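Me: I should like to learn how to read the empty spaces in a protein model. Could you take me through one case?

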Amino acid sequence: MSESVITGQAAQWSAPAHVKALTTFRTGGVSTGAFNSLNLAAHVGDDRASVKENRARVVDQLGLPSEPIWLRQVHGRRVVQAESHQRDCIADGSFSRQAGVVCVALTADCIPLFLTDKLGSFVCLLHVGWRGLVAGVIESGLTTLGSRPQELLAWVGPGIGRDEFVVGGEVHQQLTRQLPAHAQAFASHGDKWRADLGRMIEQRLQWAGVTEIRRSETCTAKNPAAWFSHRRDGRCGRMASLIWLA
């Protein structure tokens with residue numbers, strides 16, 4: 001990966017060709033130090049001019065049809081119609097049925113969940129960590145979309161894998177209480193648990209009736225050259241996941 005060229009991991013799913021979806025790598029930007037180099041988050045302590053330049057480069061180099069509708073994510077359940085809200089509104093997901101509107105989610109271990117339907121009549125992007133799972137962001141997104149589950153396509157994007165995601169008993173209890181099948185996504189690790197967040201997202205989708213689900217096998221915590229990871233590094237930048245209708 002070149003330091004001067006912005007690239008990313010494209011969604012590997014069966015969406016129609018006019019649905020564009022990818023997650024950026026951390027390379028190709030101008031940020032330095034802990035945020036080296038393509039940090040796209042304005043809330044992590046990076047120089048604001050660097051973030052502005054990084055965002056401009058993403059729009060230019062990826063050929064985006066418009067500036068993404070950046071959100072202020074809070075690990076909640078609110079999902080908004082992107083073009084109807086100002087940038088930086090508080091939400092953890094957005095959707096659009098309009099061509100040229102770019103939905104975005106920022107992550108550094110949490111998982112971006114991409115959604116569309118078989119016709120590509122809309123795009124949706126959710127920011128999902130364990131707190132978002134508990135809050136019900138997936139269920140909120142599906143309800144907001146109002147589509148038949150059998151028509152939906154889902155791409156569970158890159159995020160932290162089970163080998164690196166160790167949580168305490170309280171997190172295990174909250175998640176398995178909500179959906180007992182989540183117990184299959186945990187493995188004991190001393191007095192803690194290794195948690196497969198991607199698997200739990202799949203389970204939530206399946207529980208809601210979604211059957212067309214594909215998943216990235218990428219663990220953001222295992223490859224520091226390509227990905228930011230809050231669990232690995234603490235203070236760090238954020239990748240952007242982007243989806244739009246061309």
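**Reading pockets and cavities**

Reply: Let us begin with the largest pocket of this predicted model. Its lining draws at least two residues from each of β3 (71-72), β7, α2 (130-135) and α6 (230-233).

Me: How is such empty space found, and what volume does the largest pocket have?

Reply: Rolling a probe the size of a water molecule over the atoms shows where empty space is left. Here, the largest pocket has a volume of about 600 Å³.

Me: Which residues lie nearest the centre of the largest pocket?

Reply: Of its 24 lining residues, those nearest the centre are His75, Cys110, His127, His230 and Arg238. By class, the lining comprises 10 nonpolar, seven polar and seven charged residues.

Me: Is Thr107 in strand β7 buried or exposed?

Reply: Thr107 counts as buried because its relative accessibility is 2%, below the 20% cut-off. Leaving aside residues up to four places away in sequence, Thr107 touches Pro112, His127, Arg238 and Met239.

Me: What is known of the second largest pocket?

Reply: The second largest pocket holds about 190 Å³ of space. Its lining has 18 residues, with Gly161, Arg215, Glu217, Thr218 and Cys219 nearest the centre. Five of the lining residues are nonpolar, six polar and seven charged.

Me: How many cavities of 30 Å³ or more are there, and what lines the largest cavity?

Reply: The count comes to one cavity, with a volume of about 40 Å³. Trp13, Ser14, Leu153, Ala154, Glu212, Ile213 and Arg214 form its lining. Strand β14 gives the largest share, three residues.

Definitions and conventions: Residues are numbered from 1 along each chain as its sequence is written. This is a predicted model: local features need pLDDT of at least 70, side-chain atom pairs count only at pLDDT 80 or more; totals for chains, interfaces and linings use all residues. Side-chain values use heavy atoms; hydrogens and water are left out. Buried means under 20% relative accessible area, exposed over 50%, partly exposed in between (1.4 Å probe, protein chains only). Contact means heavy atoms within 4.5 Å. On a 1 Å grid over the protein atoms alone, a cavity is a set of points where a 1.4 Å probe fits but cannot get out, and a pocket is an open set with protein on both sides within 12 Å along at least five of seven lines; lining residues have an atom within 4 Å of a point. Grid points are joined across faces, edges and corners, and a volume is the space filled by probe spheres set on the points. Helices (H or I, at least four residues) and strands (E, at least two) are DSSP runs, numbered from the N terminus. Ala, Val, Leu, Ile, Met, Phe, Trp, Tyr, Cys and Pro count as nonpolar, Asp, Glu, Lys and Arg as charged, and the others, Gly among them, as polar.
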